[in-house]
There are 2 protein chains.
Amino acid sequence: MILITGAAGFIGSAIAHSLNNLGFKTLTIDNFSTGYRSNLPKNTILIEGDCGDPETISQLQNYNVDTILHFAGQSSGEVSFNDPLADQKSNTTSTLLLLNYAKLKGIRKFIYASSMSVYGDHENLPVTEESVTMPKSLYAVGKLASEHYLNIYSNSDLKVVSLRLFNVYGPGQNLANLKQGMLSIYLAQALKDGQIKVKGSLERFRDLVYIDDVVEVVSLLVTTDLSNPYSVYNVANAYPVKVKEMITSIKAVLGNISVKEIEGTQGDQFGIFGSNYSLMKDFGWKPKIKHITGIKKMIAWAQNQR
Amino acid sequence: MILITGAAGFIGSAIAHSLNNLGFKTLTIDNFSTGYRSNLPKNTILIEGDCGDPETISQLQNYNVDTILHFAGQSSGEVSFNDPLADQKSNTTSTLLLLNYAKLKGIRKFIYASSMSVYGDHENLPVTEESVTMPKSLYAVGKLASEHYLNIYSNSDLKVVSLRLFNVYGPGQNLANLKQGMLSIYLAQALKDGQIKVKGSLERFRDLVYIDDVVEVVSLLVTTDLSNPYSVYNVANAYPVKVKEMITSIKAVLGNISVKEIEGTQGDQFGIFGSNYSLMKDFGWKPKIKHITGIKKMIAWAQNQR
């Protein structure tokens, strides 16, 4: 049985559906803080609660889990500054509790949703998994601390992979959450007001990864025997897309949209993109969807949601 | 007024006494988990509580603090594995709470007791402040996360220094605590049983820093205007001392002591020593006490404690 935390969220639910379709039994945890009950696959067993609460994790005792996919967590750098303790609980304590459970129950595999935010701002791009980590937000500090905890607990019985997800986007992203997901925020604003408010420079850039490509990475890791006790992988498309290019892509479909530049947010990285060579080398994974195609697919989906 | 957390502990109390003697007004926090009430200087104001509890930190509101010296914290890598959540609260949540207080009250200076443990095991020694951080214990992960938090909160109004303390030893170290402080553990065992139980190899090595030298660093930082918003400094003697050399030094004073090698502890580093060039360059600090002298002084003190 596979445990998926955050299975009502954007990425977690896409993974849960995919694994259900592949025939895996899934157990899911979500506190529905930003995710939706309707995102959960039908055949899953749900534990409703916060992964940072020992009480939630203690409910796992009754299940035979062999693999943990930890995708729950407060996912906004900006929001992490509003309530640092809540962010710590959500992104770091949760990992400690799950690791403790994994150790007690002899879990074999643990896949963790880390973030490209652990790198901070770098001059030498693309960043590789060996690049120095310089977190700029409290969120990023928590993700990095979780990576370190996972590394320490990993061994030949408990194989661990930390995935440094770059900017994941696509159908299913929460258009009502204007604090997380650059593309989904812009798209939600464009569809609602015909105006995109950009927090920070239009020259900032990101590495956009389409949700289906992320799901494929996770499926590969779930179904393949891992050799190393601990690994870190960038999940990246390996090229930069400027904010202004994202907006051009949105305009190309939705027509004229006005753009307003407003003050940037604390801890925001200026620009980053990642190498995806390691994941290609070790698992033969290659992202299939370029941003131009992906943004079109996402807009088509978003228009259907209105 | 200077706030000193952990002022009933080994290092915190030495700093508190020194600053009191220099004429500074001090406010202190301690939960007496490992420290002693008798360690506190007489003229200090004490808040009894845990720095990881919001309630303790809220009591600071009534005082005019300009400088924070955060030296409280669970200080054993070994113990951090027994209760990971308690370690996180003690070593990371405490820093977040104090930073939040510092921001609200316009604190000017924050000096943090980090640890050489953030480096983990390195082949290229001595480690410098630019060396890669690879924490091996949950304790070390928490110290590193705190450093990152401090870096993020620092700015031209709130100057922050993280001190990566190497193995601090000397008079005042808690001889009753057999989980923390390599030298004090060996010494306590030698005095009590005539036998030293070494957890791990005799070839392991550490960088021993005498308590008075650490106190001098802190005094310098308290009394000097800092130019950078954030800095990290090794507090190191810059040469390695093997476990077997420590034991030789103890034997030289106490006579024949038997030695028993037992199993090592989780997350223990094999060997490390640090460069102290940065602290020398920026503040003219140089450690004065070599380990041979320091160990003699410590033994003389310990024998008086019996």
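The radius of gyration used in this tour is taken over C-alpha atoms, and the rule for a globule is 2.2 Å times the number of residues to the power 0.38. This is a predicted model, in which local features need pLDDT of at least 70, side-chain atom pairs count only at pLDDT 80 or more, and totals for chains, interfaces and linings use all residues. Residues are numbered from 1 along each chain as its sequence is written, and chains are lettered from A in the order in which they are written.

Begin by selecting chain A, whose 306 residues would, as a compact globule, have a radius of gyration near 19 Å, and whose own value of 18 Å agrees with this. Turn the C-alpha trace of chain A along its principal axes, where the spans are about 55 × 40 × 40 Å.

Next, colour chain A by secondary structure to find 10 helices and 13 strands, which are DSSP runs (helices H or I, at least four residues; strands E, at least two) numbered from the N terminus. If you then colour by burial, buried residues make up 58% of chain A, where buried means under 20% relative accessible area, exposed over 50%, and partly exposed in between (1.4 Å probe, protein chains only).

Now move to chain B and select B:G284, which lies in the loop between α9 (277-283) and α10 (291-305) of that chain. B:G284 counts as exposed because its relative accessible area is 59%. Finally, add B:I272 to the selection: B:G284 and B:I272 are 12 residues apart in sequence, and their C-alpha atoms are 23 Å apart in space.

Conventions:
Heavy atoms only, no water.
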